[in-house]
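Please explain how the charged side chains of this protein pair with one another, and how one of its helices is placed among the others.

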Amino acid sequence: MNVGARLKEIRESKKISIYKLSQDSQVSESHIRNLERGKKSATIETLEMLVNSLNITMAEFFNENSNVTYLTQDEKILLNYFRTLSGNTEKAVIELCEKLYNEQ
């Protein structure tokens with residue numbers, strides 16, 4: 001796997017600039033550019049800082065399956081709440097979401 005190309009792919013798919021990623025991760029812009037261009041290699045620590053700032057896990061980063069969807073932080077929170085609901089409440093939430101979706 002080309003780590004730099006993967007980093008760029010995920011960063012661009014999330015519409016995050018190198019500047020923003022640098023600010024969020026505390027990794028310099030020039031280092032991120034060099035990683036994406038394949039001119040530098042990332043340490044595990046640097047990669048962890050970057051993937052955390054992208055709101056993904058290392059497992060998601062290294063999974064090249066294009067059918068995988070990455071959840072946003074809000075989606076993760078919503079999913080965690082949903083998992084605590086009882087069966088009837090789950091159904092009510094799903095019905096509410098369907099209604100809201102159809103009203104758009």
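A salt bridge is counted here where a side-chain nitrogen of Lys or Arg lies within 4 Å of a carboxyl oxygen of Asp or Glu. The model to which this criterion is applied is a predicted one. Under the criterion, the total comes to five salt bridges.

One of these joins R11 to E36, with the closest N and O atoms 2.7 Å apart. The two residues are 25 positions apart and belong to distant parts of the chain, R11 lying in helix α1 and E36 in helix α3, which spans residues 29-36. Both ends of this pair are buried: R11 has a relative accessible area of 8%, and E36 has one of 12%. Each of these values falls below the 20% under which a residue is called buried.

R11 has a further partner. It also forms a salt bridge with E12, and here the closest N and O atoms are 3.9 Å apart, a separation that still meets the criterion because the limit is set at 4 Å. In contrast to the buried R11, E12 is partly exposed, with a relative accessibility of 44%. Since R11 takes part in the bridge to E36 and in the bridge to E12, the shared partner brings R11, E12 and E36 together in one network.

Another salt bridge is formed between E9 and R6, whose closest N and O atoms are 3.3 Å apart. What places these two side chains along the helix so that they can pair? E9 and R6 are three residues apart in helix α1, which covers residues 3-13, and are therefore separated by about one helical turn. Their surroundings are not alike: R6 is buried, at a relative accessible area of 6%, whereas E9 is partly exposed, at 45%.

The account now turns from charged pairs to the packing of a helix. Helix α2 comprises residues 18-25, and its buried residues include I18, L21, S22 and S25. These residues cover an arc of only 100° around the helix axis and therefore lie on the same side of α2. The buried residues of α2 pack against three other helices, namely α1, α3 and α4, the last of which spans residues 44-53. Following α2 comes Q26, which has a positive phi, near 65°.

Taken together, helix α1 holds the R6 and E9 pair and supplies R11 to the link with helix α3, while α1 and α3 are also among the helices against which the buried residues of α2 pack.

Methods:
Residues numbered from 1 in each chain as written. Predicted model: local features only at pLDDT ≥ 70, side-chain atom pairs only at ≥ 80, totals over all residues. Heavy atoms only, no water. Helix = DSSP H or I, 4+ residues; strand = E, 2+ residues; numbered from the N terminus. Buried < 20%, exposed > 50% of the residue type's maximum accessible area, 1.4 Å probe, protein only. Arc of directions from axis to C-beta. Contact = heavy atoms within 4.5 Å.
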